[in-house]
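Please open the structure in a viewer and keep the sequence panel beside it. The tour below proceeds by selection, one stop at a time.

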Amino acid sequence: MKRFMLCALSALMAGAMLASCSRDQGIEPTTSTPVQEATPAPTPTLPPYEANALTGEARDADYPAGQRITAVMVNNITRARPQRGLSDAQMLFEIKVEGGITRFMALYNDYHDIQEVGPIRSGRDQFFQLILPWQALYIHEGESVVMKQYAADYDYGLLNNNDGANGYRDYNRVNWLGESYNNGLPIEHTMYTSGENIQQYIDSNSVDMNRDYNSTFFNFVDYRQDNPVRDLSNSQDSAYVLDEYGPVVTDGEYVEITHSASYKTRFLYDAASTGYTMQQYYSTDGSWRDTVDEGNDTTLTFPNVLVLFTDIHVYPGHEAKDLQNVDYGPGGIGYYSYGGKTERIYWQKGTPLEALRLYYLTEDGQCSDVPLEVNIGKSYVAVVDVDEAANYETGLLADHDLAASDAATTESEAPDADVAE
């Protein structure tokens, strides 16, 4: 097991070799034959780069070119699990909100592919700022006062949907504890929507879903390459020798992220599928359970796992409601896990209208000007309070007792009414 913190890098040395040849002294050739220069092979012409905006994969015939991304806020209170529709998302964000709980934002290329998603919960600006540059359709039920102000300031209009896009209640849903609405489950854990309902919202309100994207969400490896996979073991940073915190690229078969005492997420690398199985901590009994999509009984897996550390603190004047302010301005250190390896990176965003950007490090551990290449496929992205950096863990699976439970904790849930106006 290794624990990673922010660190500095040492110099990488490069060498060059010069080869030459010469004719023997004093011997003249008897004949002279003109040397014919070889005709250089033509450079192959690649087809146009037309990638899936969220995964970097080559677009297939069903790709919704010219359509906006759809983002849906999904409840992650322990009592709200299991959720539906998360396995169909191309990208999943997890960020802390008030009370130390976390919430999900699921991103979809095509809302038509959403069979059902939920339980839907209210919007927060720390998620909205990530999809604002992409002008995505943002679906939630309720919103914080800060989120409402952001939507007004950036004139988001009908793209900021506040009713779950014609969302509906499933009063018969049963959570993992066996609770239903008539048996102890609060009503806020029962809201769902579907591609059909989203379409009804779009049609009835004449929402403009037309949007052409000229770039992908991350700088993905080019799918047109013969072998479009970046091995983190051979990262351009991998030869850097650091101080007591170790090298840039390390073992990453096991990845554990702590958002708060009651909300932790971990990923277990499966070499057979080359993906990471997602598990979450259950504060009620301290156990770890697979994150399962109730809609299709699929355990969530991701080839890409990204963890971005920054300062998260309460908005001044909103202490009583514990509204969390995620500082995207300065950027910071992050970690990228793929293929059983973890690589230290740097991230930047800046203003709400700027897109999230990932970079390699320089030799002194700062942000370079070289964009990080993210491997093709789905991504899980966590934005985490830098105060929890010391609790971030990566290492080998063999070094962890995966069946062990942690100590149970107590979590508190803040009703959405307490954070709205």
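Is Arg357 buried or partly exposed? Arg357 counts as partly exposed, because its relative accessibility is 26%; buried means under 20% relative accessible area, exposed over 50%, and partly exposed in between, with a 1.4 Å probe and protein chains only.

This is a predicted model, in which local features need pLDDT of at least 70 and side-chain atom pairs count only at pLDDT 80 or more, while totals for chains, interfaces and linings use all residues. Residues are numbered from 1 along each chain as its sequence is written, and side-chain values use heavy atoms, with hydrogens and water left out.

**The whole chain**

Begin with a cartoon of the entire protein. The secondary structure amounts to three helices and 25 strands; helices (H or I, at least four residues) and strands (E, at least two) are DSSP runs, numbered from the N terminus. Of the 421 residues, 52% count as buried. A surface representation exposes about 19,100 Å², of which carbon and sulfur atoms supply 48%; the areas come from the Shrake-Rupley method with a 1.4 Å probe, and for residues only the protein chains shown count as cover. Contact means heavy atoms within 4.5 Å. Among contacts between residues at least 6 apart in sequence, 69% join residues at least 24 apart.

**The nonpolar core**

Next, select Met105, Leu107, Tyr138 and Phe218. Within the largest nonpolar core, which has 94 residues, these four touch the most other members. A nonpolar core is a set of buried Ala, Val, Leu, Ile, Met, Phe, Trp, Tyr and Cys residues joined through side-chain atoms within 4.5 Å. In soluble globular proteins, nonpolar side chains tend to be buried together.

Centre the view on Phe218. Leaving aside neighbours within four places in sequence, its contacts are Met91, Leu306, Leu356, Leu358, Val374, Ser379 and Val381.

Now move to Leu54, in the loop between strand S1 (2-3) and S2. Leu54 counts as buried because its relative accessibility is 0%. Beyond four places in sequence, the contacts of Leu54 include Met91, Leu107, Phe217 and Gly377. Display the C-alpha distance from Leu54 to Ile376: the two are 9.2 Å apart in space and 322 residues apart in sequence.

**Strand S3 and its partners**

Select residues 91-96, strand S3. Six of its six residues are buried, so S3 is largely enclosed by the rest of the structure. In a regular strand the side chains alternate between the two faces of the sheet. Here Met91, Phe93 and Ile95 point one way, Leu92, Glu94 and Lys96 point the other way, and all are buried.

Add strand S4 (residues 102-108), which pairs with S3 in the antiparallel sense over six bridges. Two strands pair if DSSP finds at least two bridges between them. S3 and S4 form a hairpin with five residues between them, and Gly99 in the turn has a positive phi of about 75 degrees. Then add strand S24 (residues 379-385), paired with S3 in the parallel sense over five bridges. Follow Ile95 to its bridge partners: Arg103 in S4 and Val383 in S24.

**Helix H2**

Select residues 145-153, helix H2, where Val146, Met147, Tyr150 and Ala151 are buried. These residues lie on the same side of H2, because they cover an arc of only 140 degrees around the axis, taken from the directions from the helix axis to the C-beta atoms. Their cover includes helix H1 (125-131), strand S5 (137-139) and strand S6 (160-161). Rotate to the face turned away from the buried side to find the exposed residues Ala152 and Asp153. After H2 comes Asp155, with a positive phi near 50 degrees.

**Salt bridges**

Finally, show the charged side chains. A salt bridge is a side-chain nitrogen of Lys or Arg within 4 Å of a carboxyl oxygen of Asp or Glu, and the count by this rule is 14. Select Glu116 and Arg84, whose closest N and O atoms are 3.2 Å apart. This pair links distant parts of the chain, 32 residues apart: Glu116 in the loop between S4 and H1, and Arg84 in the loop between strand S2 (70-74) and S3. Extend the selection to Asp170 and Glu294, which are linked with Arg84 and Glu116 in a network of salt bridges.

Return at the end to Arg357, which forms a salt bridge with Glu354, the closest N and O atoms being 3.9 Å apart.
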